[in-house]
Amino acid sequence: MSDTSGSTADERRAAIAARDLGLTYADGTEAVKGVDLTVPEGEFFGFLGPNGAGKTTTIKTFATLLAPTSGSVTVNGFDVREEPRRVRETIGYMAQETSVDEELTARENVRFAAQAYGVPRSERADRIDELLDLVDLADVAGKEAGEFSGGMKKRLDVATALVHDPPLVFLDEPTTGLDPKARNDLWDYFRRINEEGTTLFLTTQYLEEADQLCERISVIRDGGIVATGSPMELKREVGGEILDIDVEGDDGVRERAAEVVSGVDVLAADAEVALSDDGVTVTAERAREHGPDLLVALRDAGITVTGFDVRAPTMDDVFLAITGGESDEGDGVTSDDDAATEREVSAE
Amino acid sequence: MSDDTDAAPSGRDGDPSPEPRPDGGHARRAPAGNSFLGDFWVNFVRWNIKAVRNPFVVVGSLLQPIIFLILFTQVFGQIATGAISGGGADITYETFLLPAIAMQVSLAGAAGSGIGLVNDMEEGLFEKVLVTPMNRAAVFLGKTAAELVRIVVQIVIILVLGTVLGAEIATGVPGAVGIVVMGVLFSLWFVALSNIIAIVTEDQESTIIGANLLQFPLLFVSTAFLPLSALPGWIQTVARFNPVTYGVDGARALMLDQDVMTVIEVTRFGGIWDTLVPAIAVLAALDLVLGGLMVYLLNRVSSSSVK
């Protein structure tokens, strides 16, 4: 996996370069509007956004499944419009929906992909074994994929996307609908191939996923990129500290708690108070210092506090700040593994 | 901040006007560059494995024609023999019916083509194939070839079974081979039609229902089960425009070694060729028209749309 290009790290070439990319569907929907994006070789890049923001449309354009309406895109140096076949030869693509042939065995699925991507005959057998090993399916290689669990199918799908050792791999919401164990396994595979030099372009609606894996993240909303940076940079941008206060009672109590907290004079004018699932969340500079005052105020108002936590902003907070608290259909945007999985499943 | 990180690489990247050509630098493993034949073969193998894995596909589409063959000869055999021996020839209903059943097998097999395509679309495998560098024509031809092989095998099975049940192929083995070839030629327009239904509906159930539902009326308003002269007037008219009539008449001419076609009277070629030539001409024209439409739709669905 050594880099034979001879280029030094600081002049890495662009694996993906999109200029003013626009894509309008036949029905007039402007799914992507003027996206500018450069992903250098070797980077683990995250593309984050709510459902319907344009993530999948963008990734499909990069993978030559959709032709751009305007602007230009080069992938591995090839123009997606001019030389789609060269692009296809040099990328791996894993679609959002698991796509494996259930009537073929795991090995046959990987073999089909190896042949489809032109892995030379002499390397094929080794390569297939290597990939089945990588995704821990070597033991069940002879079983038909139809018998596999969702997590196993997803891993098989990963293997078929990587079998030709592409320098760039697109992963479209690769862990959606997986249990936390399966998700963690996939994350490990992704990290490993990235360490070996593969550029990864990942879309996700799970903030934790982007936070854990990606060196750099762009947030997309309504077809346009609204923020780009490392997870740390984005979190720093939100600023301040966050107080989570859990209260006992129903929605009415939570709303009253929010009123009480907002009314405490010591809070800075720029403090933001929002309802959370279990109580209220306060974001402010030096929120930590004001904690005791808030608790006293709540007690005086007769509200029982059941939990209290001070923390630095998470990607959730970043996302909410950037997208204005709007998450389409109200699902998917959370850093809590289990809750995210559950909501995703129940939303279907 | 977001501007900085995004703008920096863009500025640097915009300078060298042509993008660097990735001659080994980008692709660590030089792609072998698949051949058309290689792509064809990979897909041919895939669809054959799938057919063998799923016995329902092979057996299921044979079951109905076999039931037809047995029930029709048993139930209608007595009455039908009168109708078919009007011409004076002394043939059994088994012999009369077998070429029609062979064409029914061909229809059922062809219906599976669109169903296979729509399954691939629904399971994301169609898209997965599109994103590979494989030649798209080779992909589709490989799949179709596998389906035609299945149709050939099934027609052979039906011909053997029919012979065992008492049908006689007057032209012998060369005629039997001819019937198989006729079955393939006859299947192509329905292969195209079932794929067109698949592409237009993009829905598995619609495709299954559409392709299967069409088969029965098509068979009944043709010369499949009774000669044209024994059919009511309006069905005679419809049968004239029904592709099934041409497939069945072609196969039947080979079966009986007679010019059986009555929807079009052709006399210049002599003997069974007076049936075969017009049958082949009509089917070939239909195959080309529907095949062309299918290719057009396939191109459209694989290059632009994707929901």
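Two strands count as paired here if DSSP finds at least two bridges between them, and with that in mind the tour of this predicted model can begin.

Select strand 11 of chain A, residues 241-247, together with strand 14 of chain A, residues 305-311: the two run antiparallel and are joined by six bridges. To see one of these pairings in detail, show A:I245, whose bridge partner in strand 14 of chain A is A:F308.

Keep strand 11 of chain A on screen and add strand 13 of chain A, residues 279-284, which pairs with strand 11 in the antiparallel sense, again over six bridges. Here the residue to pick is A:D246, which has A:G279 of strand 13 of chain A opposite it.

Next, turn to another part of chain A and select strands 6, 7, 8, 3, 9 and 10, which in that order make up an open sheet of six strands with mixed pairing. Strand 6 (91-94) and strand 10 (224-229) of chain A each have a single partner strand, so they form the edges of the sheet and one side of each lacks a neighbour there. On average, and ignoring direction, neighbouring strands of this sheet are turned by 15° against each other.

At one of these edges, look at strand 10 of chain A beside strand 9 of chain A, residues 216-221, where five bridges hold an antiparallel pairing; within it, A:S218 stands opposite A:T228 of strand 10 of chain A.

Finally, select helix 5 of chain A, residues 150-162, which packs on the sheet and touches strand 6 and strand 7 (168-172) of chain A. The direction of helix 5 makes about 160° with that of strand 6 of chain A.

Terms used. Residues are numbered from 1 along each chain as its sequence is written. Chains are lettered from A and ligands numbered from 1 in the order in which they are written. This is a predicted model: local features need pLDDT of at least 70, side-chain atom pairs count only at pLDDT 80 or more; totals for chains, interfaces and linings use all residues. Helices (H or I, at least four residues) and strands (E, at least two) are DSSP runs, numbered from the N terminus. Axes are lines fitted to C-alpha atoms, for helices over the stretch in contact, and angles run from 0 to 180 degrees between N-to-C directions. Two residues are in contact if their C-beta atoms, placed from the backbone, lie within 7 Å.
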